[in-house]
Structures are given as C-alpha cells and as structure tokens.
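Reader: I have the model open in front of me. Could you walk me through how to read its features, beginning with burial?

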Amino acid sequence: MDKPEIFMAPGPTPVAPEVLLAQAAPLVYHRGPGYGALLREVTEELKRLFRTTNDVLIFTSSGTGGLESAVANLFSPGDRVVVPVAGYFGERFAKIATAYGLDVRTIDYEWGQAVRLADVEAALAEAPTKAVLVQQSETSTAVIHDIEGIGGLTTAAGVLLVVDCVSSVGAVPFECDAWGVDVAVGGSQKALSATPGLAFVAVSDAAWEASKTATNPRFYFDWASYKASYDLPDPENPWTPAISLMQGLREALRMYFAEGREAALLRHRLLAAAVKDGVRALGLDLFGANPEKAWAVTAIRAPEGIDGNELVARVRADHGVILAQGQGPLKGKVFRIGHLGYYDRLDIIRCLAALEMTLADMGYPVKRGAAVAAAEEIFAATS
Ligand SMILES: *Cc1c(COP(=O)(O)O)cnc(C)c1O
C-alpha cells in the first residue's frame with residue numbers, strides 16, 4: 001500500500017484537509033461583498049500574525065514576489081542598501097536588489113554564521129543608506145538572525161528595515177512593530193501550511209513615504225494599487241486574485257489562531273527540540289550558529305562517508321519522508337529537516353525513525369531507536 005509522502009522540508013509544508021476542502025469549495029466572486037469579507041478577514045489575521053497595525057498587502061506569487069515588491073516599491077536606481085549574505089536567501093535578496101540597479105553593499109559571511117550587529121552598524125556608518133534587507137530565518141542554514149537587534153540599529157540610523165520572514169513568521173517569535181520592522185514579507189506555504197502561491201507584505205508609514213518618491217519600475221506589484229483597491233467599501237484586489245488559495249489561507253489562519261499564537265510557537269519550539277535531540281542521539285552534528293533558536297528548520301551535517309543528497313533521496317524513496325538537501329556550498333554536506341507548519345509529535349517520530357533506518361542501511365552505525373527515544377524524552381518532559 002502506498003501512503004502519501006510527508007513533506008518535512010522547509011516549505012511547502014503539509015496542508016490540512018480542512019484547508020484543501022476550503023480550496024475546493026465553489027469560488028466566491030472577486031468583486032463585491034463576498035470576496036471583500038474574505039480579503040478583510042485574511043488581512044486582519046495576517047496583521048495579528050505579523051504583530052503589526054501596519055497595512056498588509058497580499059499578492060498572487062510565491063514569497064520571492066513579495067521580496068521583489070519591496071525592492072520595486074521602496075527604491076530608485078543607485079540607492080544604497082546593506083544586505084547581509086549568510087546563505088542562499090541572503091544571496092537571493094542581494095540578486096533582486098542588483099537586478100533593480102541598487103548600490104548593493106553586501107556583508108558576506110561564511111554560510112552558517114549569524115549576522116553580527118557590529119558589522120551592520122559599520123556598514124551603515126560608511127555611507128548614506130536607504131535600507132537593510134535581511135532574513136529572519138536563513139532557511140538554507142537554519143540560522144536565525146537577530147531582527148530585534150538590527151531593528152535597534154536601523155531605527156537609530158533612520159534607515160528602513162526590510163525583513164524576509166517567509167520561513168519564520170508563525171514558527172519563531174516575530175514582532176513587526178515592536179522591533180521597528182518597516183517591511184515584513186511572508187508566504188502561504190511555510191508556517192501557515194497553506195498551499196504555495198500567496199505572498200503577504202506588511203508596510204509601515206515610513207515605507208509608504210519612501211514608496212512615493214521611489215522611481216523603480218513596478219506594475220503588477222505596485223503597492224499603491226493594492227492599497228487603493230483594499231480601501232474600497234468592499235475590499236478588492238486590483239487584478240483577479242487566486243480566489244481558491246485565499247479560501248484555503250483563511251481556513252489555515254482560522255486553524256492557526258484556534259490553536260493560539262503562543263501555543264503554536266511553543267509547539268514549534270517543542271518539535272524543534274525533539275528533532276535536535278533526536279539527531280544528536282545518533283551522534284550527528286547540528287549545523288549553524290544558533291540551533292536552539294531554529295524552531296523552523298534543523299540543518300544537520302551529513303556524517304563522514306555519507307552523502308547528504310543520497311541520504312535525502314533514500315529517506316524519500318524508502319520511507320516517503322521528504323527532507324531537504326543542502327543548498328549552494330552545503331550541497332551533499334548538510335541535510336535539513338523542516339518542522340514549521342502543520343506537524344505533531346508523531347510526524348517527528350516518523351521522520352526520525354525513517355532517518356535512523358536509512359542511516360543504518362547506508363552503513364552508518366546506528367543504535368536503533370536512539371533518536372526516537374530522545375524525542376520521546378523531550379515530549380515526556382513537557383507533557
Ligand atoms: C521559502 C523562502 C522564500 C520564498 O521562496 P519562494 O519559493 O519564492 O516561495 C524566501 N525566503 C526564505 C527565507 C524562504 O525560506
């Protein structure tokens with residue numbers, strides 16, 4: 001019997017049956033009262049998720065579209081931006097800014113390191129700067145960057161802070177307003193466990209001001225169009241929205257807040273701790289500067305003599321569990337377990353059991369059950 005595979009990669013994440021059913025329901029027409037109520041509910045719930053009173057705009061795109069919208073709306077060619085690069089998604093942000101002709105001052109780190117505040121401070125002091133563009137969770141290395149600390153620096157310097165929190169918001173504590181974040185970008189297919197295809201962007205007053213004088217070209221992602229449509233008596237999208245995905249996202253948000261924000265964060269912390277203790281019990285080493293903060297994804301060094309990509313492929317082929325490979329320079333050397341989104345304890349147990357059996361098959365010395373036992377200890381200690 002073939003059971004469906006389980007996604008344990010850092011996006012897309014498993015989609016609950018309730019969300020799939022909501023997406024399969026008849027469409028609500030996208031102009032007028034029905035869609036207006038849907039868009040308003042989703043927007044208000046996303047504000048709760050981001051912890052903001054700022055406007056939140058929703059786009060039909062993956063998370064990268066939300067990142068591109070920030071660069072297109074906030075800046076003009078030649079504007080200086082500081083972009084810490086400590087992994088694949090830092091590189092992506094730098095590439096988007098370069099594509100739009102910005103003056104991109106990267107701060108380059110070895111992959112796996114965390115951004116150091118002193119480096120950001122020094123880069124800001126070098127020359128007049130418009131913004132810092134940074135991830136909260138650098139998904140490729142599982143490292144969490146200190147957005148609160150960076151927010152202190154950008155606020156003091158009068159510089160915009162643009163945060164890619166696609167793989168963190170909902171899984172890791174994030175405080176848009178309290179931390180001075182001007183633009184926060186999220187996506188549907190990560191901690192909320194909705195299907196891919198929607199990006200959401202929180203925009204502060206200072207970001208709106210900057211967008212008024214910015215001259216980068218923009219059309220589909222023109223923030224002002226979205227705001228004008230949202231401000232109609234029945235909120236709308238400027239273009240045809242992905243109606244079914246919005247119906248699914250509303251259900252995913254209802255489920256998230258029915259569990260409760262604090263409870264959902266604690267669940268992520270617990271499952272992350274179980275994964276980390278489990279892999280350590282197998283004698284594997286965690287990768288990245290701050291695994292204790294990495295509640296969304298765990299990066300693990302492939303043991304000596306075992307290719308990480310082959311391990312990931314075999315866990316999937318033999319056990320139907322989809323882990324993620326290492327990216328860039330970490331290809332083959334690191335593999336990743338995603339635990340952000342709609343997961344429970346037994347999903348983690350299943351994943352760790354699959355990992356143990358596959359490692360044993362590949363000739364790595366495994367004490368059978370060690371990872372599962374370590375995870376159960378974590379669960380027992382907190383119930
Ligand atoms: C997943 C992810 C994105 C978005 O990628 P898309 O494939 O465009 O949805 C952006 N940043 C980070 C840190 C991510 O993990």
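Author: Happily. Buried means under 20% relative accessible area, exposed over 50%, and partly exposed in between, using a 1.4 Å probe and protein chains only. With that in hand, glutamate 45 counts as buried because its relative accessible area is 14%. A word on the source: this is a predicted model, in which local features need pLDDT of at least 70 and side-chain atom pairs count only at pLDDT 80 or more, while totals for chains, interfaces and linings use all residues. Residues are numbered from 1 along each chain as its sequence is written, and side-chain values use heavy atoms, with hydrogens and water left out.

Reader: Where does glutamate 45 lie, and which residues is it in contact with, leaving aside its neighbours within four places in sequence?

Author: Helices (H or I, at least four residues) and strands (E, at least two) are DSSP runs, numbered from the N terminus. Glutamate 45 belongs to helix 2, residues 33-50. Contact means heavy atoms within 4.5 Å. Setting aside neighbours within four places in sequence, glutamate 45 is in contact with Leu253 and Phe257.

Reader: And with which side chain does the side chain of glutamate 45 make a polar contact?

Author: A polar contact is a pair of N or O atoms within 3.5 Å; within protein, one must be able to donate a hydrogen and the other to accept it, and residues adjacent in sequence count only if both atoms are side-chain atoms. Here the partner is the side chain of arginine 48, at 3.0 Å.

Reader: Let's turn to exposure. Is leucine 27 buried or exposed?

Author: Leucine 27 is exposed, because its relative accessible area is 57%. You will find leucine 27 in the loop between helix 1 and helix 2. Not counting residues up to four places away in sequence, leucine 27 touches Ile243, Ser244 and Gln247. For an intermediate case, look at alanine 157 in helix 6 (residues 147-157): this alanine counts as partly exposed because its relative accessibility is 44%.

Reader: How do I read separation along the chain against separation in space?

Author: Compare two pairs of C-alpha atoms. Those of glutamate 251 and valine 19 are 232 residues apart along the chain and separated by 5.5 Å. Those of leucine 27 and leucine 311 are 284 residues apart along the chain and separated by 42 Å. Glutamate 251 sits in helix 9, residues 243-259, and touches Glu18, Val19 and Ala22 when residues up to four places away in sequence are not counted.

Reader: What should I look for in a helix such as helix 13?

Author: Try its length and its buried face. The expected span of a helix is 1.5 Å times one less than its number of residues. Helix 13 (residues 370-382) has 13 residues and reaches 19 Å from its first C-alpha to its last, close to the 18 Å expected. An α-helix has 3.6 residues a turn, so residues three or four places apart point the same way. In helix 13 the buried residues are Ala370, Ala371, Val372, Ala374, Ala375, Ile378 and Phe379. Their cover includes helix 10 (261-281) and helix 12 (345-361).

Reader: What about the backbone?

Author: Most residues other than glycine have a negative phi, and most peptide bonds are trans. Glycine 11 and proline 12 are joined by a cis peptide bond, with omega about -5 degrees; proline 12 is in the loop between strand 1 (6-7) and helix 1 (17-24). Alanine 142 has a positive phi, near 70 degrees, in the loop between strand 6 (137-138) and strand 7 (143-144). Alanine 142 counts as buried because its relative accessibility is 6%. Serine 193 has a positive phi of about 55 degrees and lies in the loop between strand 9 (183-187) and strand 10 (198-203).

Reader: Finally, which side chains have an N or O atom paired with an oxygen atom of the ligand?

Author: Threonine 64 has such a side-chain atom 2.5 Å from a ligand oxygen, and threonine 139 has one at 2.4 Å. A polar side-chain atom of lysine 190 lies 2.7 Å from an oxygen atom of the ligand. Taken alone the ligand exposes 380 Å², of which the protein buries 87%; accessible areas come from the Shrake-Rupley method.

How values were computed
Accessible areas come from the Shrake-Rupley method with a 1.4 Å probe; for residues, only the protein chains shown count as cover.
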